[in-house]
Amino acid sequence: MTRFPFADRPRLWGTAVSHYQVEGGDLCDWTEWERAGRTHGEPCGDAVGSWQRYELDAHLAAAAGVNAFRFSVSWSRIEPVAGRYDDAALERYVRLVDELRALNIEPIVTLFHFTHPVWFHGTTPWTSPASVDRFAAFTRRVVEAFGESVRLYITLNEPLVFALAGFFDAQIPPGIADGASVAPVVDHLLAAHCAAAAAIRELQPSATIGIAHNMMAFAPERRWNLLDHALARLAHRSYNRAMVEAFTTGRWDFLLPPRTRVRGRRDGLPGSLDLFGVNFYSRLHVRCPGRQRMIGDFAYLDMTGEGLTDNGWEIIPEEIGPLLKEASRTNLPLVITENGLADASDRVRASFIESHLVEIERAESLGIAVHGYLHWSLLDNYEWLDGFGPRFGLYEVDRKTLARTARPSVEAFRRAGRRFLG
Ligand code: FCB
């Protein structure tokens, strides 16, 4: 059975948000992290108030010409106490899905987007195999609540980014820096994906299942330096390719410099997906050895002279094609599950969208089918490491009133969507 692309909606054009970044008032591990003073940016607080405004947001997305809307559900709201589910929280998401359906917009539900209930790390942490069943049980509840109204699930957002930032360099909760924990965490995340996929298949056999993998271009900082080249290749293999291989062969094996080897095997991985999602933003230049750190430096550099985004990322649409080619090794239909930029002035956003679309079309002309594009993001929102500084929205959000105002690039996004949807 081919579940994806959908016969009645062969291409998806939409926007993406995640629960914690927009909802506000969500008590979870990230809130505790903020209270402990471990965030770089300000606390998320009310975020942009989407918990009360999701229907409005759905209408704003409709006005931007989307036929798909990616959002995530908050595990901490739905399972505030281990094993006890909050029906009112589930109901709230069901209402959003109903609104999207009424607007003829495909809901795309992400089950895990970085945050956890406060009890999670203390009882069934990702270092323990018990995490797998916990996530599967949560998934079952969500899928039961949505029934047939949701036909596309993304199980995990950026599992490798989460494993590295949460367990290798302690940038996000649970804030662990222990190389030895990365291998079991990656294993349990991928096992949790498989268990969640099996639960979805059982409850909604026709549902489509995807994953969102962050892919980053890596280039040598110095063209003729062999070490820079070697480290860039290693970074590509570990960061981009390892997950592509994991979902293709069921095995992964990569190195986190200087000497953390991460490998494992889950035979259920191939066959667990109907689509492969790619989150693409930028390119890092690599220098080895680093100026201070022995291993190497990873930096965003303005190589094209076009300037960096507000949060300092290089704009490099040309790199999306090779990464899509890499992702196509899975032999799965591809969807861009996130792509966007921080641009408060909105001077660059329209050309960013257009230039990425041109590169996607170029990839398609080379035989790589891309069935969807989801822009990050619909609205300005809370950014994990930087608070409310970076403005990723097609719609600007006033920090005081939380009023949403269309930025001029909404029009360009709409036009691009018309072209993409044909
Ligand atoms: C991605 C995350 C998303 C958002 C963007 C800017 O890596 O998935 O939540 O923070 O970056």
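Biologist: How far is a polar side-chain atom of His113 from an oxygen atom of the ligand?

Modeller: In this predicted model, the two atoms are 2.8 Å apart.

Biologist: Nice. And what about the side chain of Gln21, how far is an N or O atom there from an oxygen atom of the ligand?

Modeller: For Gln21 that separation is 2.8 Å. Trp384 also takes part, with a polar side-chain atom 2.9 Å from an oxygen atom of the ligand.

Biologist: How much of the ligand does the protein bury?

Modeller: The protein buries 94% of the 290 Å² that the ligand exposes when taken alone.

Biologist: Where does the ligand sit, then?

Modeller: You'll find the ligand in the largest pocket.

Biologist: Which residues are around the ligand?

Modeller: Gln21, His113 and Trp384 are among them. The others are Asn157, Glu158, Asn214, Tyr281, Glu338, Trp376, Glu383 and Phe392.

Biologist: How does that shell divide into nonpolar, polar and charged residues?

Modeller: The shell has four nonpolar residues, four polar ones and three charged ones.

Biologist: Changing topic: which strand does Thr110 lie in?

Modeller: Thr110 belongs to strand 3, which covers residues 106-112.

Biologist: Is Thr110 buried or exposed, and why?

Modeller: Thr110 is buried, because its relative accessibility is 0% and the cut-off for buried is under 20%.

Biologist: What joins the side chains of Thr110 and Arg70?

Modeller: That would be a polar contact of 2.9 Å between the side chains of Thr110 and Arg70. So to put the Thr110 picture together, this buried residue sits in strand 3 and has Arg70 as a side-chain partner in a polar contact.

Terms used: Residues are numbered from 1 along each chain as its sequence is written. This is a predicted model: local features need pLDDT of at least 70, side-chain atom pairs count only at pLDDT 80 or more; totals for chains, interfaces and linings use all residues. Side-chain values use heavy atoms; hydrogens and water are left out. A residue is near a molecule or strand if one of its heavy atoms lies within 4 Å of it. A polar contact is a pair of N or O atoms within 3.5 Å; within protein, one must be able to donate a hydrogen and the other to accept it, and residues adjacent in sequence count only if both atoms are side-chain atoms. Accessible areas come from the Shrake-Rupley method with a 1.4 Å probe; for residues, only the protein chains shown count as cover. On a 1 Å grid over the protein atoms alone, a cavity is a set of points where a 1.4 Å probe fits but cannot get out, and a pocket is an open set with protein on both sides within 12 Å along at least five of seven lines; lining residues have an atom within 4 Å of a point. A molecule sits in a cavity or pocket if more than half of its atoms lie within 2 Å of its grid points. Ala, Val, Leu, Ile, Met, Phe, Trp, Tyr, Cys and Pro count as nonpolar, Asp, Glu, Lys and Arg as charged, and the others, Gly among them, as polar. Helices (H or I, at least four residues) and strands (E, at least two) are DSSP runs, numbered from the N terminus. Buried means under 20% relative accessible area, exposed over 50%, partly exposed in between (1.4 Å probe, protein chains only).
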